[in-house]
Amino acid sequence: MKKRNYIKYIIPGALCMFLIIPAIAQKSGIGIKGGLSMATLNIPNSDENNLLPGFNVGFLGRIMITENIGLQPEILFSSKGVDTYYSENFLGFNIADGETKLRINYIDIPLYLVFFPIPNFDIHLGPYIGFLMNSAIDTQTEILDFINIDNEDDVDRSEFNQLDAGLSMGLAFNYEFLMLGVNYSIGLREVAKESGNMEDLLDGSKNGAFQLYLGLIF
């Protein structure tokens, strides 16, 4: 009687269980998350708009509706803004070169629809609203190659719209209680109020930010 080689069945079966069991473990719970933010604003009058590094941190909840679909509300402190460069010329001569870092901090409340298309990985997307906390501007300017200005000040909150709103989407790897993910959020409201000093600088700009985060959910 021919003996069967059970090892060729055991090893693939064990690998499948290793992937499936953590996926089944994706249950409703609460957790914490935090990580790096890279934000920007598309300012039309600047020569170059770069990503401004910051951070995000907060709490989340997950409510599973089915085995693969759930809702995930969050409340996060999110730093946004822009690192922008500009230059002024007159009659072919360089008058001024400068860099301005504008940091705007929000409390963001996104509500994600979470979908697990394959074990351990989720796709999440949904709307968010953001409440302005504070803002600061740091300007470094060189005028006529010998006058240097370095100034950092808080910016009056009244210069900005107090409420932000937009869409956020991302991907995450989930293993037991650990989450590692990336988000991109895009604002749908202008950051600066009309007829203010910041409106002259930002000219209709809206928030945009990448977020890389690590989370724990229990």
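Is Phe 218 buried or exposed? I looked this up before anything else, and Phe 218 counts as exposed, at 62% relative accessibility. I note here that the model is predicted.

**Entry: the aromatic pair of Phe 218**

I then searched for a ring partner of Phe 218 and found Phe 177, with which Phe 218 forms a stacked aromatic pair. The centres are 6.1 Å apart and the planes make an angle of 15 degrees; the pair is stacked because planes under 30 degrees apart count as such. Phe 177 lies in the loop between strand 8 and strand 9, and Phe 218 lies in the segment after strand 10, so the contact ties together parts that are 41 residues apart in sequence. For Phe 177 I read a relative accessible area of 40%, which makes this residue partly exposed.

**Entry: other aromatic pairs**

How many aromatic pairs are there? I have four on the list. One of them joins Phe 121 and Phe 173, with ring centres 5.2 Å apart and planes at 55 degrees, so I filed the pair as tilted. Phe 121 belongs to strand 6 (residues 121-143) and Phe 173 to strand 8, so this pair ties together parts 52 residues apart in sequence. Phe 121 is partly exposed at 40% relative accessible area. Phe 173 is also partly exposed, at 34%.

**Entry: charges over rings**

I checked lysines against tyrosine rings. The charged end of Lys 33 sits over the ring of Tyr 213, 3.7 Å from the ring centre. Lys 80 lies over the face of Tyr 106, with 5.4 Å to the ring centre.

**Entry: strand pairing**

Which strands pair with strand 10? Strand 1 (residues 29-41) runs antiparallel to strand 10 (residues 206-217), and eleven bridges join them. Within this pairing I noted that Leu 36 stands opposite Leu 212 and that Thr 40 has Gly 208 as its bridge partner. Strand 9 (residues 178-190) also pairs with strand 10 in the antiparallel sense, over ten bridges. There, Leu 178 stands opposite Leu 216.

I went back to strand 1 for its pairing with strand 3 (residues 52-64). These two strands run antiparallel and are joined by eleven bridges. Gly 35 stands opposite Asn 56 of strand 3. Strand 1 is thus bridged to strand 10 and to strand 3.

**Entry: the loop at Asp 156**

Where is Asp 156 found? I located Asp 156 in the loop between strand 7 (147-154) and strand 8 (163-175). A polar atom of the Asp 156 side chain lies 2.9 Å from the backbone nitrogen of Ser 158. I also took the C-alpha separation of Asp 156 and Ala 136, which is 8.6 Å for residues 20 apart along the chain.

**Entry: cavities**

Last, I looked for enclosed space. The structure holds two cavities of 30 Å³ or more, and the largest cavity has a volume of about 70 Å³. Which residues line the largest cavity? I listed Leu 76, Ser 78, Lys 80, Asp 108, Pro 110, Tyr 112, Tyr 128, Ser 168, Ser 185 and Gln 211. Strand 4 (69-90) and strand 5 (93-118) each supply at least two residues of this lining. Lys 80 appears twice in my notes: as one of the lining residues and as the residue over the face of Tyr 106.

Notes:
Residues are numbered from 1 along each chain as its sequence is written. This is a predicted model: local features need pLDDT of at least 70, side-chain atom pairs count only at pLDDT 80 or more; totals for chains, interfaces and linings use all residues. Side-chain values use heavy atoms; hydrogens and water are left out. Two strands pair if DSSP finds at least two bridges between them. Helices (H or I, at least four residues) and strands (E, at least two) are DSSP runs, numbered from the N terminus. A polar contact is a pair of N or O atoms within 3.5 Å; within protein, one must be able to donate a hydrogen and the other to accept it, and residues adjacent in sequence count only if both atoms are side-chain atoms. Rings of Phe, Tyr and Trp (its six-membered ring) pair if their centres lie within 6.5 Å; planes under 30 degrees apart count as stacked, over 60 as edge-to-face and the rest as tilted. Buried means under 20% relative accessible area, exposed over 50%, partly exposed in between (1.4 Å probe, protein chains only). A charge sits over a ring if NZ of Lys or CZ of Arg is within 6 Å of the ring centre and within 35 degrees of the ring normal. On a 1 Å grid over the protein atoms alone, a cavity is a set of points where a 1.4 Å probe fits but cannot get out, and a pocket is an open set with protein on both sides within 12 Å along at least five of seven lines; lining residues have an atom within 4 Å of a point. Grid points are joined across faces, edges and corners, and a volume is the space filled by probe spheres set on the points.
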